[in-house]
Amino acid sequence: MGTLVKPALLLLLWQSVGALNVPLEVRQPPTIIKQSMKEHIVDPKGTMVIECEAKGNPHPIFSWRRNGKYFNVARDSQVSMRRRSGTLDIYARNNPEKYEAEYQCIASNQYGAAYSHKIILQLYSKEIVEPVVVSAGLPLVLSCDPPPGPPKPETYWMSSSFPTMQPVRQDRRVSMGVSGDLYFSNVLFNDSVVDYCCNARFPYKNVIQQKMPVVVKVLTMVEAAPTWLSPTGSSSSILVLQGEELLLECIAAGMPTPHITWAKDGEDLQVTSRMKVKNFNKMIQIPKASFEDAGEYTCTAKNRLGYAEHTITVRVKATPFWLEKPTNLILAPEENGRLVCRADGAPRPTISWFINGEPIETATPLPNRQVSGETLIFRSVTTENTAVYQCNASNQYGYLLANAFINVLRKWRVTLVCLNICPCFFLHRSKYGQGNLEGNRFKTHSNGTLEIKHIKIEDQGTYVCVVSNIAGRDEDQVRVEVKEPILIVTRPQSMKVMRASDVRLECGVKADVTTPITTTWLKNKKHLTLGWRISMDESNLVITNVNTGDEGNYTCVIKSELEQKSASAHLMVMDRPNPPTNLELSDPYERTVRLSWIPGDSNHSPITEFLVQYDDDDWLPGKWRNLSTYPGNLNSVILHLIPFTYYEFRVIAINEIGASRPSRPSKRFQTSGAPPDIIPKNLKGVGTWRNNMEISWEPLTYREWNGPHLKYLVWWRRRDSREEWKNATTKWLKYYIYDADTFTPYEIKVQAVNDFGLGPESPVVIGYSGEGRPTTAPLNLRVSDIESTQVTLHWDPVTSDTIMGELKEYKVYYWRDSSQLRWQWVDRGMKSKAFPINGPDPSGVLDELIPYSNYKMYIVVANNRYEGPPSNNIHFSTPEGVPSAPRSFRIQQRHLDSIYVDWGLPAEPNGIITGYSLKYQTGIIEELPPNVTSFSIRRFDRYTRYRFSVAARTRLGIGEWHTEESPHYTTEIYAQDQVDITTQGWFIGIMCAVALIVLILLIVCFIKRSRGGKYPGRLVMPNCTRVSTLPYPRREEERGLQRGQPSIEAMMKRSDSDDSLVEYGEGGEMPFNEDGSFIGQYTGTRRDVRELDFGGSLELHSPINTIYSLA
């Protein structure tokens, strides 16, 4: 025992030490005692605080990490750390977005370091919301995405239209979902009149966070069949516990706006008192779900173009509930019996048995008692089985407990009488043989009667009565048969069921197997006729699809030749109530009327409430709307109505089963007229010209007129003046005031009026007449912090009395006057940039400038309508920058083994070009002077493609790179490309000219040789200059790219005739005879043309040879 106590005591001491708060006098490592939430959302408009507090001895030193790296707080001028604390205060007046990051606090001393959790800092309402553009008729979802709790914030939507904000009016077309998003089933043109803003309210902090307004722009109208916005798809499922709130939501898109209807398990949904239909029939709310709420709910959205369906499967889990409770049993000795304990739940409960409160597993075991799941079975009971038994059904959500007792009676006794013979004795004959009667159960009376106590089955047999005296002996036999009595084990239970359900009335019977029995059922003491709907299962009665006609008393009659027993139960059928009748209207007034009716039969389920519906003159006949609900004990109520409207009414009775059919409509009724009671909304006054003001408001709906001939009474007067109010009546939604001073404030108000009187006045709103043109220009325009692409501007503000309206902005007009490079052409187009009001010393940054340029500018002041006169022009020049990419970049292949590239100047040099940088695929970078704009490289592989990048440089650095990749040159493609040159006109013309010149030279030579007279002794042949057809410039030849240049002699072949010009030197002389004929002798040594050395390759200059020379 001691060994068990010691560990328990040690564990207790350890737990006490773990909870002990170590005093700070003891040296200890740091402990984080306070820190911000993991998802830390702050408002950037104020000071952003990230908390971190720690304790320790010595006092810890704090440091921070941002995005996993060390954060130097001291070097950030907008961040400070509190003294003896790690809490950060961030004063981000400019660019607060850069502080959105993941932060982690570290508190350390010589004994260790403590880390806070990672804190993600997020800014709320920082995003710039772009306008939402949508076509009219299409659906739209405006997401809210409120910041997380705890607790979960309350969301609501507001519409903003100058100068007021008001809640978004929700209806069948526009509604807010459970998630907080705003759903438009379809968008109309007037939805773009206002902006939409989502607000999140934190009830415990009493703080409201507002999201940036969303602007909706609506385009042309589009009609569409219904589709689902929430939930999506054709089916979904929901799991709910019994007693919890169940929300079913269906929001549809479509144009025209779809109508939402609900059905459950294939039938129209009957709205009970436990159920609420909200959000214009888009939501069903059941505050406390029950098993009867389980099933398939189908929401259907319809319009004239089609329909869409969505099925929501609802599953309900619950604590255990009874299917069959154990009932008390009274049994005779040796009888059999059973206690049944059947329960259900979700999940299914487990069954446990107890005897007199003790678990049956630990109770004294009896051989004739057996537990079989939900049933406790008894065989041949004895008085030892008499007890109270408990059944416990439990699951994880709860339990049920039921008591039932078993009472075992004493045995019967039988008396046999043997008269007029005495003395006598009895013998018993049975299947076990014959013997004398022995035992306390048998007693022979003096008159010869045999009494048997507690008779048993084995007592069955033949009894012999023997009498004798001195005169003789005689005997008589009596046959005794012992039968089991009829016992109704399971008696039918009285039930209260709903219509259309199935009923089973059980009548379990136990009887002697040798005795035939018959079972019949009576209804209201009359024999029950069986059929397809009413049948018997053994001795049980089964009724399917019960109706109100099945209600009554049912009796189970068990009959044998010896006895008859019966058991009865009452069946009560519950149904929806019958509809009310005799609707009457009385006591009519302009806004009320009394409605009375006679309730219908409740059908055994009390009427809980009455629903009054109405149909008015909205040109939609048969469109019934719910007006109000009233307690079920009333049948006469006062209805609150709208004046000057036609009505019809009907009443629906509701009980726990469902709603009745609607009653017949009442007579048509019209309420009398009354003055309007609604104030026109969105009143505002805006000037459209310098001497007028437009007063406008939103119209009242037809239901809000309260009478005929609705008009509007407009009031106005100058603010801060003692003049009287002026007024005018109009039926339009605008009224104009003329001859007003420029930008003068007015007090305005409006009220609706009809034939029955004036409605309430609206609150006074301040409006302004039209704005004029500002009279002065801003002075002292100057620049500072001049950079290559931007400059800071400063100017003196103008006085408010010269603006002639509301100051909207300052606008700067500027243009690029010239470039500091004299040869550079510039675009002198004027540009502008507006600067909002930013304090007594206005300034702004003008960006997107071009470097190394001369600019001019001036500034004006603007109100909402006009701009003022310009200020004086000022000049400034931007310094050098880096150039743009070079233009006209070309890649050429002039030979199979080389690539040639060239380029042009950058479009914007942005300074003085100091050179070019060229890099290509091999990684080589060539630095070239500014006057070189071409480059050639030798190809080592004819099939390799090269990537070239070129950029210009200025004094400030290298500019933008221009990158191109060479084409895929091959020998075949290259040759094909060159052959294609011959089809060009310019090339054919050049070749023809070359051939013509050569022909003329040859003709001239032959003419001089063959004409009459004496010829000079020597003929000097002209030098035939080679016409270059190379694809590269002449200067490359001058650089030493030599080519073989054979003489004209190589083109002449020796002829068999001595008179032909066969061989001659380069420009050499030939001897002739006086008659000019050849004599076969030459002054020079005769040489074969094949022996000539041309100092290079033989090259024949013809068009075809020229083509091949390019290959």
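Which residue stands opposite Ile-355 in strand 39? In this predicted model, the answer is Tyr-389. The two strands behind that match are strand 35, covering residues 350-355, and strand 39, covering residues 387-395, and they pair in the antiparallel sense through six bridges. Zooming out a little, both belong to an open sheet of five strands, ordered 32-40-39-35-36, in which the pairing is mixed. The edges of this sheet are taken by strand 32 (329-331) and strand 36 (358-359); each has a single partner strand, so one side of each goes without a neighbour in the sheet.

Strand 32 turns up again in the second largest pocket, where it is among the elements giving two or more residues to the lining. This pocket has a volume of about 880 Å³. Its lining runs to 36 residues, and those closest to the centre are Glu-324, Thr-490, Arg-491, Gln-493 and Glu-506. Other strands that supply two or more lining residues include strand 31 (321-324), strand 33 (337-340), strand 49 (495-498) and strand 57 (564-574). The largest share, though, comes from strand 48, with four residues.

As for the chain as a whole, it is mostly a story of strands: there are 87 of them, alongside five helices. Of the 1111 residues, 40% are buried. Among contacts in the chain with a separation of 6 or more, 63% are between residues 24 or more positions apart.

Now for the nonpolar cores. The largest has 23 residues, and the members touching the most others are Ile-50, Trp-64, Ile-90, Tyr-99 and Tyr-103. Several strands each bring at least two residues to this core, among them strand 3 (48-50), strand 5 (61-66), strand 8 (88-90) and strand 9 (102-109). Tyr-99 is worth a look in its own right. Beyond its neighbours within four places in sequence, Tyr-99 is in contact with Met-48, Arg-66, Asp-76, Gln-78, Val-79, Ile-90, Ala-92 and Leu-121. Ile-90, then, appears both in this contact list and among the core members that touch the most others. A second core, separate from this one, holds 20 residues, including Val-240, Ile-260, Tyr-297 and Val-314.

Further along the chain, strand 63 (residues 646-654) has seven of its nine residues buried, so this strand is largely enclosed by the rest of the structure. Strand 60 (residues 609-616) runs antiparallel to strand 63, and eight bridges join the two. Within that pairing, Phe-649 of strand 63 has Tyr-614 opposite. Strand 63 also pairs with strand 64 (residues 669-670), again in the antiparallel sense, over two bridges. Here the bridge partner of Tyr-647 is Phe-669 in strand 64.

The cavity count comes to one at 30 Å³ or more. The largest cavity has a volume of about 40 Å³, and its lining is made up of Pro-643, Phe-644, Thr-645, Tyr-702, Trp-705, Asn-706, Gly-707 and Pro-708.

Finally, there is one stretch with a record behind it. An unreviewed UniProt entry places a "transmembrane region" at residues 986-1007. In the model, that span is 100% helix and 0% strand, and its end C-alpha atoms lie 32 Å apart.

Notes
Residues are numbered from 1 along each chain as its sequence is written. This is a predicted model: local features need pLDDT of at least 70, side-chain atom pairs count only at pLDDT 80 or more; totals for chains, interfaces and linings use all residues. Side-chain values use heavy atoms; hydrogens and water are left out. A nonpolar core is a set of buried Ala, Val, Leu, Ile, Met, Phe, Trp, Tyr and Cys residues joined through side-chain atoms within 4.5 Å. Buried means under 20% relative accessible area, exposed over 50%, partly exposed in between (1.4 Å probe, protein chains only). Contact means heavy atoms within 4.5 Å. Two strands pair if DSSP finds at least two bridges between them. UniProt positions are given in the numbering used here, feature names are shortened, and annotations may be inferred rather than shown by experiment. On a 1 Å grid over the protein atoms alone, a cavity is a set of points where a 1.4 Å probe fits but cannot get out, and a pocket is an open set with protein on both sides within 12 Å along at least five of seven lines; lining residues have an atom within 4 Å of a point. Grid points are joined across faces, edges and corners, and a volume is the space filled by probe spheres set on the points.
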